[in-house]
Each structure stands twice: as structure tokens, then as C-alpha cells.
Amino acid sequence: MIKVLRIINRFNLGGPTHNAAYLTKYLPDEYETLLIGGVPEHHEADSLHIVKNMGIEPLIIPEMSRSVNIFKDIKTYFKIRRIIKNYRPQIIHTHASKAGLLGRLAAIHENVPVIVHTFHGHVFHSYFHPFITQFIIQVERYLAKKSSNIIAISQKQKDELCNEFQIAPPDKVEVIPLGLDLKKFAENKSEKRKLFRTKYNISENTIAIGIVGRLVPIKNHRFLIDAVKHLKTLTQQKFEVIIIGDGELKNELKNYIKEQGMNYREHPEEQPANFYFTSWIKEMDIAYAGMDIVTFCSKNEGTPVSLLEAQAAGKMIVSTNVGGVKDIVLDGAGIILNDFNPLNYATALLHCIQNYTSANQFISDNISPKIIQQYSYETLVANMDRLYKRLLGK
């Protein structure tokens, strides 16, 4: 039996939870996996329902979270070391930054034979002061030397890790895309669309423009607000921007919307507005079915799960060209912009508004099946199984 200790930062909604859950559940029977992770921030949606619905009972380390807390982080480190001593895994696989730091340090000191880390994104720009960023880069270079393998989730991310930031040499970095269960996003879309629009009081003649993600600076919602202000001058078409998510900037974004002469709502019974803050939605297949266009405007990203889900659901995309976006958005699925010009973004949104019916049909017929297959969890599991066995063979 091959024992794997899988560590993620925290159980919040996002790609790492899905990735870790599918790998824990579906690796071949010769593997035994223990999944451990921390807790979400107070404004984040808990994702434990995802793993528990798959019959997985993870081990929770309450001290581990996204925020830096030296005392909690030290405690977490020693807890992970105790878990390693008791579980005695042949493989430790960490996912995302905090888990990658504490988990790999613990694995190094406990002499775990195979140490693997997946970069779901990175914090090498747009997150911290340049001095802190340089320190993080040096730490990651050290950890990469001690790791058996580094996994990037897109070719663009591998290029950044190897060439731009020189975290590890190319022969030590494997590209293994995310694996998800995307089939549900292509099923029963008419019924789901009606359900979503009825629940949130969105009329059929309103173009629903969605954005999904935490309300934090890196996600750049303020830029979208600026673009929407321009869009209002470019079209008479009725539209509403559906902001799905929550976070520390929620009140600030509300105030900014009002400062720009626009309005928002938070409840179905309120009058339709320029923006609708729904908070987190668990049934995202229903949400995507109800939307017409999906946007993305982050300053830095790995592989945006929202754009994979949008394509599986057959929705047009408008996105900034960051991280692995160009690797995952197929030709014909939308518009990718190379700058952060709000007017250019608004113009791209206008094009989508004018063409969304035919474009979404094309995406549903031609792109959705490819995305569902290419980013299936079965493909992820097969790729990881091959990598693990190659590393164990060494």
C-alpha cells in the first residue's frame, strides 16, 4: 500500500479543494490517502461539503489558515510533523502556498521519500511589498530544491516558475492541469436557467454578466466596476453584473459603486440594479446556467476554475490575460485582453452582449465537450498516478 499525505491550505471553495478531493477519492486502490487542511477565512465559504459528499473525512488543523500568524504557523508545523510520524507516508503532496511551506518543511525534517508540491497560483507579484516577495521567492527556491517534483497547472505557469522567477529547473516541473467534474455544467441548462433567474429575480431580457471569486484586491473587482461605468454609455441593453463571492472588500466595493454613480442590490425582492451581490453560491452549475457572460479580471492567477466552469456551461468569457488564462480558454470561447484598460474591457463586454446568443450556442456545441474531457478528474488522476510511480521508482 502506497501511503499519501495530502495537505491543502484550507477548505474553502476553489480549485485546490476540488483537486485534492478527487485525488484523495479516485487514485487506484494501491494508494491510501490522508487529506489534511486548515480552515477558511471568516469571509470565505466552507468547502467541507465537497469532500464529505465524496465520503472523505479530512483531518482539520484549526491553526492553519491563509493569514500569516507566526504562533499558529509554528504550531501547525509541529502538528504536521506528528501526523507524519504516526501515518508514515511514502509521499507528501502539498497544494498551494501555506501548505507548501509548512508541509514541505515538515516532510524534509521527517525524511519523507517523495515530496511533491502543486502551485495552484503563486504570490510572486501583485500580493506583497517587493522586499517580502523576494524573500518568498528565495524560500520557494530552497523548497523546490528539496522537493522531488513541482507541479504547475498550466504551461504558462511552468514558464513563469522556471524562467521568470527561476523557482526550479524545467526538468523538475511537471504540467498537470486541474481535474474537475464538469459534466453537470452542461446538463439541464434550460431548467437551471429558469430556476436561477426566478430565485434572483432576473428578467429574461436582462443580460446577466457574472464574476465569481473572493472579494479581495488580487481579484480586481474595482476594475470591473470601472469597465461597467463605461459600458453603460455604450449600450441601451438592460444588463446586471452578478457578483458571486464574498470577502474583505465587500463594503469598499459597495461604496465605490455608489461613488461611480451606480447602484447595487443584495436581495431578490429589491429592484434590479447595476450590480447584484449574491455572496457565495454552492450550486454553481445553476448559477452559470442563469448567466449569459462570465468575466474575469484578476491581476494574478493560476488556472481560474470559474473560466473552466463557464466554458463547460457554454458561456462567453471576457478575461484579462494573466496566469494560465490563455492556456485554458479555447479559441472562440471569448475575448482575452492584454491590458487593464476599462474602456477596452467595456468594449469587449459590448461585443459579447451583441453576440452572446449565437456565441454561447457555438461554445455549447464545440467547446464545452472538449473542456469537460480535457479537464476531467479521470485525466488528473491518471497523470498523478504516473508521476507518483515514476518518483517512487527513483
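Start by selecting helix α8, where H221, F223, L224, I225, A227, V228 and L231 are buried, buried meaning under 20% relative accessible area, exposed over 50% and partly exposed in between, with a 1.4 Å probe and protein chains only. The model is a predicted one, in which local features need pLDDT of at least 70 and side-chain atom pairs count only at pLDDT 80 or more, while totals for chains, interfaces and linings use all residues. Residues are numbered from 1 along each chain as its sequence is written, and side-chain values use heavy atoms, with hydrogens and water left out. Helices (H or I, at least four residues) and strands (E, at least two) are DSSP runs, numbered from the N terminus.

**Along helix α8**

Keep α8, residues 221-234, selected and look at its two ends: at 1.5 Å a residue its 14 residues should span 20 Å, and the end C-alpha atoms are indeed 20 Å apart. The expected span is 1.5 Å times one less than the number of residues.

Next select R222 and E252, whose side chains meet in a salt bridge at 3.1 Å, N to O; a salt bridge is a side-chain nitrogen of Lys or Arg within 4 Å of a carboxyl oxygen of Asp or Glu. Because R222 lies in helix α8 and E252 in helix α9, the pair ties together parts that are 30 residues apart in sequence. R222 is partly exposed at 33% relative accessibility, and E252 is partly exposed at 40%.

**Across to the sheet**

From E252, extend the selection to the whole of helix α9, residues 250-259, which lies across β10 and β11 (275-279) and runs at about 170° to β11. For that angle, axes are lines fitted to C-alpha atoms, for helices over the stretch in contact, and angles run from 0 to 180 degrees between N-to-C directions.

Now show the open sheet of 7 strands, whose order is β10-β11-β9-β8-β12-β13-β14, with parallel pairing; two strands pair if DSSP finds at least two bridges between them. Which strands stand at the edges? They are β10 (264-265) and β14 (334-337), each with a single partner strand, so one side of each is left without a neighbour in the sheet.

Within the sheet, select β12 (residues 293-296) and β13 (residues 316-320), which run parallel and are joined by 4 bridges. One residue to pick out in β12 and β13 is V318, the bridge partner of T295.

**F296, S306 and Y288**

Stay in strand β12 and select F296, which counts as buried at 5% relative accessibility. Leaving aside neighbours within four places in sequence, F296 is in contact with residues including S306, L307, V318 and Y345, where contact means heavy atoms within 4.5 Å. A distance drawn from F296 to N321, C-alpha to C-alpha, comes to 9.3 Å, although the two are 25 residues apart in sequence.

Move from F296 to S306, which has its place in helix α11, residues 305-312, and is buried with a relative accessible area of 8%. Beyond its neighbours within four places in sequence, S306 is in contact with V212, Y288 and F296.

Following that contact to Y288, and again leaving aside neighbours within four places in sequence, one finds Y288 in contact with F185, V212, V294, S306, E309, A310, A313 and K315.

**The nonpolar cores**

Y288 also leads into the largest nonpolar core, where, of its 72 residues, I209, Y288, I293 and Y345 touch the most other members. Such a core is a set of buried Ala, Val, Leu, Ile, Met, Phe, Trp, Tyr and Cys residues joined through side-chain atoms within 4.5 Å. Helix α13, residues 342-374, gives the largest share of this core, with 13 residues. A second, separate core has 19 residues, among them M64, A106, I108 and L143.

**Other charged pairs**

The structure holds 20 salt bridges, and a few more deserve a stop. In one of them the side chains of E63 and K79 meet at 2.9 Å, N to O; since E63 lies in the loop between β3 (59-60) and α3 (70-87) and K79 in helix α3, the pair ties together parts that are 16 residues apart in sequence. E63 counts as buried at 12% relative accessibility, whereas K79 is partly exposed at 23%.

Then select K156 and E160, which form a salt bridge with their closest N and O atoms 4.0 Å apart, and which both lie in helix α6 (residues 155-164), 4 residues apart, about one turn of the helix. K156 is partly exposed at 31%, while E160 is buried at 7%.

As a last stop, select R193, R197, E204 and D292 together, which are linked in a network of salt bridges.
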